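Visitor: I would like a close look at a single part of this model, taken slowly and with the residues named.

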Amino acid sequence: MVAASNGATVVATEKGDVYLLADYQCKKLASRQLNIKKVLVSGGSLDHRVAPQTLNEGLGEKVTILALDEAGRVFCRRSSGSVRPCRWAYGRQVFMSDIALSKTAMMFVTQEGEGFSGVWAGECKKVEGKKDGGVEVCGGGHSSAATVYERVRLAKIPHVHRAVGITTDSKGRNFGVLQSDPKTSLFEVPSVTPSCFYQHFADLLQEADETDAIHDVSLQAGDRVFPAHKYILSARSEFFCKLFRCERGSSDSGGMVAAVEAASDGEVQVGEDAAGCDLLILEKVPADMLEYALAFIYTNSCELLVHGTRPRGVPSTPDQGHEQVQDTEAQERLISSLQELDLRGRSALEVYRSLAPAGQRDDQDKAKKKASRPGKKAKEARGDNKGGANPVKALQGIAKKLGLASLSA
């Protein structure tokens, strides 16, 4: 293999010999290096007398050689010294799979696919010792028993995780990294199972019991009690977050009572459930609406928000029973009027002629419809106005009280 720069050339033969061609000379740098994988060179000088119009005298640069072997080790030669191994000033040991060299810096790719930039940190020597195995000395000093190496300070290149190759321009102003496909070595695309997060929270709410040791608060609406968990309620509801924060800030034993009085304006009463935990009695909240709100707090959804679901637990009013009585009376009047006509043995034409004229029948029908049509006050009393008996509107009102912004909007 061969590598060249502006003023130098490095050649590695099949026999493992490494030669440097520079300044009209051929120098043998190493021998029996049979496992060299890549070699690079930078710097050198050209004879200015060859092209005096282009080259100037004394503008050459020091020759730097970088070599990589099959084991991931890196060797270098700087200026006129000998070939030395490189040691890394980094928190862990790394082995390289590719290298790049410029005038100002070096770049590396590890066998794990990471990318690094490196700068020279100076010459160091490892002096062999009998007891501790050796001492590293950086800077001056000479010893025949010392192993000299070049120390390189590494800095990790961000966003490089699957690198297989790297290159840079001669001045070190730009570089490129080749990365493998994320799906390399995959025989099949991995499948991700659907998340069970919300289902687990739904099970936590449904399996909670007044006598267990997991819940720490209970909510009562009407004659129903719902064991719950303060942490989850505080995380999802502004009302409960303010309530439990005031409780923690109170130092006396009646902290919950004081917190409820400060946060609920008298709409919530405090008690104690079967397990001795705090019991919050929500007097103005229907039990079914509280159940929907708790389901939304735990699972970010509830039965009422599912398309096509028929609302359950809608409270009945006396007006609804009154309407059923009216429908029964209307059916009875229709049957009795048909009996009065004495339709037996008569044709349809005879029955039609015996009825009142068409105009008079229309006036009578309009009068009956007007009389049977309920007024505005009757609609409001019966709850037929918009939002009156709408369970979604009722749930939004409860959500607004409990501070569930995403549900009340």
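Visitor: How are α5 and α10 oriented to each other?

Guide: In this predicted model, the axes of helix α5, residues 287–299, and helix α10, residues 391–402, come within 10 Å and cross at roughly 65 degrees. Since angles of 65 to 115 degrees count as roughly perpendicular, α5 and α10 are therefore roughly perpendicular to each other, and the crossing in which α5 passes α10 is right-handed. On the α5 side the meeting residues are Met289, Tyr292 and Ala293, and on the α10 side they are Pro391, Ala394, Leu395, Ile398 and Leu402. The residues of this contact divide into 8 nonpolar, no polar and no charged.

Both helices also have a place in the largest nonpolar core, which has 34 residues, and of these Leu233, Phe240, Leu280, Leu290, Leu294 and Leu404 touch the most other members. Two or more residues of this core come from each of β16 (217–221), β17 (224–228), α2 (230–236), α3 (238–249), β19 (278–282), α5 and α10, and it is α5 that gives the most, with 9 residues. In soluble globular proteins, nonpolar side chains tend to be buried together.

Leu290 offers a view of the surroundings: leaving aside its neighbours within four places in sequence, Leu290 is in contact with Leu219, Gln220, Ala221, Phe226, Leu282 and Val285. Apart from the largest core there is a second, separate core of 16 residues, whose members include Leu66, Leu68, Val74 and Leu101.

Conventions
Residues are numbered from 1 along each chain as its sequence is written. This is a predicted model: local features need pLDDT of at least 70, side-chain atom pairs count only at pLDDT 80 or more; totals for chains, interfaces and linings use all residues. Side-chain values use heavy atoms; hydrogens and water are left out. Axes are lines fitted to C-alpha atoms, for helices over the stretch in contact, and angles run from 0 to 180 degrees between N-to-C directions. Helices (H or I, at least four residues) and strands (E, at least two) are DSSP runs, numbered from the N terminus. Angles under 35 degrees count as roughly parallel, over 145 as roughly antiparallel, 65 to 115 as roughly perpendicular and the rest as oblique. A crossing is left-handed if the near helix is turned anticlockwise from the far one by less than a right angle, and right-handed if clockwise. Contact means heavy atoms within 4.5 Å. Ala, Val, Leu, Ile, Met, Phe, Trp, Tyr, Cys and Pro count as nonpolar, Asp, Glu, Lys and Arg as charged, and the others, Gly among them, as polar. A nonpolar core is a set of buried Ala, Val, Leu, Ile, Met, Phe, Trp, Tyr and Cys residues joined through side-chain atoms within 4.5 Å. Buried means under 20% relative accessible area, exposed over 50%, partly exposed in between (1.4 Å probe, protein chains only).
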